[in-house]
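Me: I am new to this protein and would like to be walked through it slowly. Could you take my questions one at a time and give the reasoning before each result?

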Amino acid sequence: MIYFLIVLTVSAVVTYVATPMVRAAALTLGVCTAPRTRDVHRGPMPRWGGAALFLGMVLGLAAASTIPYLSGIFADLTPVRGVFAAMVVTLLTGLADDAWDIHWALKLGGQVAAAVLLVVHGVQLEVMPVGWFGVGDGILQAVLTVLVVVATINAFNFIDGLDGLAAGVAAIGGSAFFIYSYQLTLTINEFDASNLVTLLMAVLVGSCLGFLPHNFHPSRIFMGDTGAMLIGLVMAAGTLAVTADLGQLDTSFRFRNVPAYMPILLPLAVTLLPLLDLLLAVVRRTAKGISPFTPDRGHLHHKLLDGGYSHPQTVLLLYLWAALFAIGTVSFNFLPGWLVALGMMLSLGGAILLTLGPWLRLRAQRLNRAAAQRALVERRRADRRREGTR
């Protein structure tokens, strides 16, 4: 564990130090976001923060390659090269989009290209987590892999609408994924915890933590599409790579209890918020007859802001939801199922109350105003009746 924490720290420090330099470069080149009607900031903000995330992740991977304990990850460099190549393609696509706002089809093409690079280098969906049925056919594996990558990238891209939101949700979800992957690796080989998925989650969490001090409200730089897509790519790569470990589990572990289904439950839990936001956005925009990639002000975080929450309160509330699903799901590996279920139900109830709080207060205010209006009308009627009897 200590070696992964060292790598995490390296990624965090590199990202933290690199972000001001990236910010200066973005300001010099004019890569800034002007305020739009759907935005919550007031002035132009530099983008390209994802470049600092990229540096943190890459140097974190480089640091890991020098640690003897993690040498097993680099024994076969093919998957590592695949992830790196996909990260580079995602970086270039994001930088171009942040600078010139490229057509959505070009951006989608870059995402597909990154997914194909993962497939070519063997990072793909090999086993269906529910029941551990092998996907089998190479074409089917490739198609499903591309779908997973594109969906995850766009899910995080869609949720990136508030200061610190995408980075914080990724750090929370990545931490839960890190814990699960580390335990899964030790289950397969208790003497060797080196695993590509665990390493990817370490550099992801570290980079996000290093970026958050610059990005939390009031933000001084945005990660842009560069950062959001990069986070989605790494999260997707981890989700795909973990399926390769399932075949090494013995049957008694696979179907023993709820933890056996973590490979499908955890990625869904980690990306539940961004995927839900993505689904609602696609339905909302399609119903209006516009492209699903057309920006608007209908995301979950916009609804919370419109409901009365402040910017930091909205972000922290969404952190709570991310932690509830991600950490709650992985807790099944360590605690009795009934205890985790009870804790999640209580936490879910509290989260729902907090989320609906602004609407409940607004409804109460409307009801009170309506009641006061009715009372005023009744008093006026009573006054007129009294005047009529005189």
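The questions below go from the whole chain to its helices and then to single residues.

Me: How many helices and strands are there in the protein?
Reply: Before any count is given, it should be said that this is a predicted model. Half of the chain is out of reach of solvent in the sense used here, as buried residues make up 50% of the 390 residues. Among contacts with a separation of 6 or more, 76% are between residues 24 or more positions apart. As for the elements themselves, the protein has 14 helices and four strands.

Me: Is α1 roughly parallel or roughly antiparallel to α2?
Reply: Helix α1 covers residues 2-29 and helix α2 covers residues 49-65, and the two pack with their axes 7 Å apart at an angle of about 150°. Angles over 145 degrees count as roughly antiparallel. The relation of α1 to α2 is therefore roughly antiparallel.

Me: How many nonpolar, polar and charged residues does the contact of α1 with α2 have?
Reply: On the side of α1 the contact includes Val7, Val10, Ser11 and Val14, while α2 brings in residues including Ala52, Leu53, Gly56 and Met57. The crossing in which α1 passes α2 is right-handed. Sorted by class, the residues of this contact are 13 nonpolar, six polar and no charged.

Me: Which residues does Ser207 contact, leaving aside its neighbours within four places in sequence?
Reply: Ser207 belongs to helix α7, which spans residues 196-215. Buried means under 20% relative accessible area, and Ser207, at 0%, therefore counts as buried. Two of the helices already described take part here, since the contact of α1 with α2 includes Ser11 and Thr15 of α1 as well as Leu53 and Gly56 of α2. Beyond its sequence neighbours, Ser207 is in contact with Ser11, Ala12, Thr15, Leu53, Gly56 and Met57.

Me: How do the residues in the contact of α3 with α4 divide by class?
Reply: Helix α3 (residues 77-100) and helix α4 (residues 104-120) pack with their axes 8 Å apart and at an angle of about 175°, so that α3 and α4 are roughly antiparallel to each other. Among the residues that make the contact are Val83, Ala86 and Asp97 of α3 and Lys107, Ala114 and Leu118 of α4. The residues of this contact divide into eight nonpolar, four polar and two charged.

Me: Is Asp101 buried or exposed?
Reply: Asp101 is found in the loop between α3 and α4, and its phi is near 50°, a positive value in a residue other than glycine. Most residues other than glycine have a negative phi. With a relative accessible area of 63%, Asp101 is exposed.

Me: Is Trp48, which has a positive phi, buried or exposed?
Reply: Trp48 lies in the loop between β2 (45-46) and α2. Although Trp48 is not a glycine, its phi is positive, at about 70°. Its relative accessible area is 16%, and under 20% is the condition for being buried, so Trp48 is buried.

Me: Which residues does a cis peptide bond join?
Reply: Most peptide bonds are trans. One residue of interest here is Pro218, which is placed in the loop between α7 and α8 (224-246). With omega at about 0°, a cis peptide bond joins His217 and Pro218.

Me: How many disulfides does the structure hold?
Reply: A disulfide is a covalent bond between the sulfur atoms of two cysteines. Cys32 is partly exposed, at a relative accessible area of 28%, whereas Cys208 is buried, at 0%. The number of disulfides in the structure is zero.

Me: How far apart in space are Thr145 and Val123, C-alpha to C-alpha?
Reply: Thr145 sits in helix α5 (residues 138-159) and is buried, with a relative accessible area of 0%. Not counting residues up to four places away in sequence, Thr145 touches Val123 and also residues including Ala115, Val119 and Leu240. Thr145 and Val123 are 22 residues apart in sequence, and the C-alpha to C-alpha separation in space is 8.5 Å.

Key
Residues numbered from 1 in each chain as written. Predicted model: local features only at pLDDT ≥ 70, side-chain atom pairs only at ≥ 80, totals over all residues. Heavy atoms only, no water. Buried < 20%, exposed > 50% of the residue type's maximum accessible area, 1.4 Å probe, protein only. Contact = heavy atoms within 4.5 Å. Axes fitted to C-alpha atoms, helices over the stretch in contact; angles between N-to-C directions. Parallel < 35°, antiparallel > 145°, perpendicular 65-115°, else oblique. Nonpolar A, V, L, I, M, F, W, Y, C, P; charged D, E, K, R; others polar. Disulfide = S-S within 2.5 Å. Left-handed = near helix turned anticlockwise from the far one by under 90°.
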